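Subject: Handing over a structure, with notes on what was found

Dear colleague,

I am passing on a structure for you to look at, and my notes on it follow below the display. Please keep the sequence and the model open side by side while you read.

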Amino acid sequence: MPSTLPVPGKPARHDAQPAMTRKRALLTHLLTQESYVTRQALVFVNTKFGASRLAHHLVRQGIAADAIHGDKSQQQRTEALEAFKSGAVRVLVATDVAARG
């Protein structure tokens with residue numbers, strides 16, 4: 001793995017993929033592995049936008065997912081939780097605020 005520390009006299013090396021893209025790819029890879037295909041996951045993210053974006057990405061990858069955050073109505077949050085509990089949704093993406101209560 002190349003060093004990410006700057007080397008005096010050399011231009012800084014920038015990764016072609018942002019960190020968030022690599023994290024989404026890794027999460028997708030893990031969730032599609034044979035040992036995880038039947039398991040559920042609860043994923044916490046920092047922002048409401050990030051929760052919706054990650055859930056949408058997972059759905060596009062064929063993984064049943066939903067997001068739960070403060071911008072959703074109580075009815076939508078309840079439906080997402082029920083879908084997760086029943087197994088209809090494999091991945092529930094939540095903001096860290098949702099983790100507190």
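Of the 101 residues of the protein chain, 28% count as buried; please bear in mind throughout that this is a predicted model. The protein chain has four helices and three strands, and if you follow these elements from the N terminus on, you will find that they run in the order α-β-α-β-α-β-α. Among the contacts in the protein chain with a separation of 6 or more, 65% are accounted for by residues that lie 24 or more positions apart.

The sheet is a good place to begin. The three strands form an open sheet, in which their order is β1-β3-β2 and the pairing is parallel. The edge strands are β1, residues 41-45, and β2, residues 65-68, and each of these pairs on one side only. On average, and with direction ignored, neighbouring strands of this sheet are turned by 20° against each other.

You can check the pairing strand by strand. Between β1 and β3, which run parallel, there are five bridges; here V43 stands opposite V93 in β3, and V45 stands opposite T95 in β3. On the other side, β2 pairs with strand β3, residues 91-95, in the parallel sense over four bridges, and in this pairing A65 stands opposite V91 in β3, while D66 stands opposite L92 in β3.

How many of the residues of β3 are buried? Five of the five are, so β3 is largely enclosed by the rest of the structure. Both faces of this strand are covered, with V91, V93 and T95 buried on one side and L92 and A94 buried on the other. For β1 the description reads otherwise: A41, V43 and V45 make up a covered face, whereas L42 and F44 make up an uncovered one.

Next come two of the helices. Two packed helices are described by the angle between their axes and the distance between the axes. Helix α1, residues 19-31, and helix α2, residues 48-60, pack at an angle of about 45°, and their axes are 11 Å apart. That angle makes α1 oblique to α2, and α1 passes α2 in a right-handed crossing.

Which residues of α1 and α2 meet? From α1 they are R24, L27, T28 and L31, and from α2 they are R53, L54, H57 and L58. Sorted by class, the contact of α1 with α2 has four nonpolar, two polar and two charged residues.

One of the residues in this contact, T28, deserves a closer look. T28 has its place in helix α1, and its relative accessible area is 11%, which is why T28 counts as buried, the cut-off being under 20%. If residues up to four places away in sequence are not counted, T28 touches H57, L58, Q61 and I63.

Two further residues may help you to practise reading accessibility and distance together. V59 is found in helix α2, and with a relative accessibility of 45% it counts as partly exposed. The C-alpha atoms of V59 and V89 are separated by 10.0 Å, although these residues are 30 residues apart along the chain. T38, in turn, is found in the loop between α1 and β1; is T38 buried or exposed? At 75% relative accessibility T38 counts as exposed, because the cut-off for that class is over 50%. Measuring from C-alpha to C-alpha in the model, you should find T38 and R90 8.2 Å apart in space, while in sequence they are 52 residues apart.

When you go through the model yourself, I suggest starting with β3, which has β1 and β2 as its neighbours in the sheet order β1-β3-β2, and then turning to the packing of α1 and α2 at about 45°.

With best wishes

Notes:
Residues numbered from 1 in each chain as written. Predicted model: local features only at pLDDT ≥ 70, side-chain atom pairs only at ≥ 80, totals over all residues. Heavy atoms only, no water. Axes fitted to C-alpha atoms, helices over the stretch in contact; angles between N-to-C directions. Helix = DSSP H or I, 4+ residues; strand = E, 2+ residues; numbered from the N terminus. Parallel < 35°, antiparallel > 145°, perpendicular 65-115°, else oblique. Left-handed = near helix turned anticlockwise from the far one by under 90°. Contact = heavy atoms within 4.5 Å. Nonpolar A, V, L, I, M, F, W, Y, C, P; charged D, E, K, R; others polar. Pairing = 2+ DSSP bridges. Buried < 20%, exposed > 50% of the residue type's maximum accessible area, 1.4 Å probe, protein only.
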